[in-house]
Amino acid sequence: IFPPQTYPPAWLGLLVGVIVIISSCIRYKNMFTFPSVFLIYMTIGYCVIAVFIIISSFDRPALYCSSKNLTESILNPTTFCTVVGATFHYFLVSITFWWFFHVCSIFYKVMFPFTAKRTEKYQKYIHLILVIIGILLPLPAVVVTLADPNLSYIIADFPPLLCVPRSAELWYYSAMLVLNVLIAIGVSLFIPMFWVVHKHQGIFRPKKRALNISFAERK
């Protein structure tokens with residue numbers, strides 16, 4: 001029997017996510033614009049994952065264990081484990097793409113402001129293309145995992161919290177590698193952006209102090 005756990009981080013993440021979505025709906029004119037809307041997509045993905053984690057904390061033996069035998073439970077995952085695994089696999093990669101697209105969009109606006117200004121009329125098409133990419137790219141790995149029984153989603157750890165593909169190579173190349181590469185590229189883009197902002201706005205630049213010079217010294 002697994003010890004009961006409530007996963008406070010999941011509850012906190014869901015609460016923050018709901019607050020962000022509600023605040024975004026109130027300020028929809030600012031948030032539902034390109035590229036800020038990618039933050040909304042990310043928040044929705046986080047909320048979905050948090051909901052499944054919270055549900056899994058209610059009755060983990062019934063939701064994750066298809067048998068009293070541990071080996072049989074791993075070899076024959078429950079339907080809930082499959083659903084959680086596919087959802088987590090998809091949204092983990094999708095959220096990473098949304099974050100990467102948001103960083104790239106900001107990078108383009110900061111580094112090439114004049115070009116970005118001239119291409120504003122094409123933003124809706126760029127947004128549409130990026131949305132299609134973010135929705136479709138995570139799908140093939142999830143579909144392949146669901147279609148092949150040898151790659152099916154199984155319990156990732158004990159006590160069970162999430163499920164991952166049975167194949168470690170598939171999980172690495174379809175999720176972990178994608179996540180690490182996109183985050184590494186995205187973080188590296190912050191360096192030139194920070195340099196440009198510092199150059200033009202003088203962040204960390206020491207302010208010049210006014211010198212108190214007497215009338216005689218001025219002469």
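A residue counts as buried under 20% relative accessible area and as exposed over 50%, with partly exposed in between (1.4 Å probe, protein chains only). This is a predicted model, where local features need pLDDT of at least 70 and side-chain atom pairs count only at pLDDT 80 or more, while totals for chains, interfaces and linings use all residues. Residues are numbered from 1 along each chain as its sequence is written, and side-chain values use heavy atoms, with hydrogens and water left out.

**View 1. The whole chain has eleven helices and two strands.** Helices (H or I, at least four residues) and strands (E, at least two) are DSSP runs, numbered from the N terminus. Follow the sequence and you get the pattern α-α-α-α-α-α-α-α-α-β-β-α-α. Of the 219 residues in the chain, 35% are buried.

**View 2. E120 and K117 pair up in a salt bridge.** This is a side-chain nitrogen of Lys or Arg within 4 Å of a carboxyl oxygen of Asp or Glu. Here the closest N and O atoms are 3.8 Å apart, and the structure holds just this one salt bridge. E120 has 38% relative accessibility, so it counts as partly exposed. K117, at 57%, counts as exposed. Side chains of opposite charge can pair when their charged atoms come close.

**View 3. The largest pocket holds about 170 Å³ of space.** On a 1 Å grid over the protein atoms alone, a pocket is an open set of points where a 1.4 Å probe fits, with protein on both sides within 12 Å along at least five of seven lines; lining residues have an atom within 4 Å of a point. Grid points are joined across faces, edges and corners, and the volume is the space filled by probe spheres set on the points. Helix α6 (79-111) gives the most to the lining, with five residues, and α8 also supplies at least two. Look for F34, F101 and Y108 among the lining residues; E120, from the salt bridge in View 2, is there too. By class, the lining has seven nonpolar, three polar and two charged residues. Ala, Val, Leu, Ile, Met, Phe, Trp, Tyr, Cys and Pro count as nonpolar, Asp, Glu, Lys and Arg as charged, and the others, Gly among them, as polar.

**View 4. F34 sits next to a cis peptide bond.** The bond joins F34 to P35, with omega about 0°. P35 is found in the loop between α2 (28-31) and α3 (37-56). F34 also helps to line the largest pocket. Its C-alpha atom is 7.8 Å from that of K124, though the two residues are 90 apart along the chain. K124 belongs to helix α8 (residues 123-136) and, at 58% relative accessibility, counts as exposed.

**View 5. Six residues make a nonpolar patch on the surface: L128, I132, I135, L136, L139 and V143.** Patch members have over 30% relative accessible area and no salt bridge, and nonpolar side chains (Val, Leu, Ile, Met, Phe, Trp, Tyr) are joined within 5 Å. Together they show about 500 Å² of accessible area, found by the Shrake-Rupley method with a 1.4 Å probe. Helices α8 and α9 (139-147) each give two or more residues, and α8 gives the most, with four. L136, in α8, is partly exposed at 47%.

**View 6. C163 is buried, with a relative accessible area of 0%.** C163 lies in strand β2 (residues 163-165). C163 and V83 are 80 residues apart in sequence, yet 8.7 Å apart in space, C-alpha to C-alpha.

Notes: Patch = residues over 30% accessible without salt bridge, like charges linked within 9 Å, V, L, I, M, F, W, Y side chains within 5 Å.
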